[in-house]
Amino acid sequence: MYRIDLHAHTRFFHGHRRLGDAYDPLGARLLTGTARLRGLDGVATTNHDYYREFDDELAGVAVIPGIEVSTTKGHVLVVGPDPPAETVRGELTPSEVVEIAHDRNCAAIVAHPYRNSTVREVDASFDAIEVNGKHPRTREWVERLADRHGLPMTGGSDAHYPPEVGRAYTAIDVDDPTPENVVAAIKDGRVEPRVDDWLPYQVIGRLYRYVHEESDQFDRPEWATPGVGAPPEDD
């Protein structure tokens, strides 16, 4: 089994992609260096709406290509050997992203399904649903959602700052953590989400909630629920 964080970013800010291009290689080294310290075997670089190629191994940690696509309904992770180089925020539907992912031999994963997203409501051939490290309290909801759709679950930290790496990750049953093998394992269900309850991660989580609450990224009337929306109904 390999431990891979399937959702991480090489920079700590959104948007203005080209302003941060020079920082990305350093960000990738910081991500993988932290991943190694946390005992991970790999990390996927899933920047918002663009993919940049890095070495397939940094600091002794496998680097899995990926992109986090901002669809018309929320975010979808595309992970695998050939993710799209760039997408336009809010232009593609979730179904279109799934089609692109599969055409490129990648896996399409519903990212943080209960934060600013209604992707979970779309009828599309997703390959997995994510347990997000920033919202581990939604895990029971994700489990029910995944069970309803017959999908496996993955784990990803959604790290923008290196210390966040590994607070959620995926245990993957493969002989070698190549992008192709990772995709096959996701599609076959040979994956299991793990959440690390290390105390510093709990502190980071509280800070994250405060920052995003103040920036209105969560709706105040729904703050009692973790993110946007309601839990899946029981059958």
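**View 1. A salt bridge within helix 3 of the predicted model.** Arginine 139, with a relative accessibility of 23%, counts as partly exposed, and glutamate 143, with a relative accessible area of 35%, is likewise partly exposed. Their side chains meet in a salt bridge, with an N to O distance of 3.2 Å. Because glutamate 143 and arginine 139 lie four residues apart in helix 3 (residues 139-149), about one helical turn separates them.

**View 2. The salt bridge between arginine 120 and glutamate 121.** The closest N and O atoms of this pair are 4.0 Å apart. Arginine 120 is buried, its relative accessible area being 10%, whereas glutamate 121 is exposed, with a relative accessible area of 58%.

**View 3. The salt bridge between arginine 194 and glutamate 192.** Here the closest N and O atoms are 3.5 Å apart; arginine 194 is partly exposed, with a relative accessible area of 31%, and glutamate 192 is partly exposed as well, with a relative accessible area of 37%. Elsewhere, Arg11, Asp21, Asp24 and Arg52 are joined into one network by salt bridges that share partners. A search of the whole structure finds 11 salt bridges.

**View 4. The buried residues of helix 4 and the glycine that follows.** Within helix 4, which comprises residues 179-188, the buried residues are Pro179, Val182, Val183, Ala185 and Ile186. These residues lie on the same side of helix 4, because they cover an arc of only 165° around the axis. Just after helix 4, glycine 189 takes a positive phi of about 80°.

Definitions and conventions. Residues are numbered from 1 along each chain as its sequence is written. This is a predicted model: local features need pLDDT of at least 70, side-chain atom pairs count only at pLDDT 80 or more; totals for chains, interfaces and linings use all residues. Side-chain values use heavy atoms; hydrogens and water are left out. Buried means under 20% relative accessible area, exposed over 50%, partly exposed in between (1.4 Å probe, protein chains only). Helices (H or I, at least four residues) and strands (E, at least two) are DSSP runs, numbered from the N terminus. The arc is that of the directions from the helix axis to the C-beta atoms.
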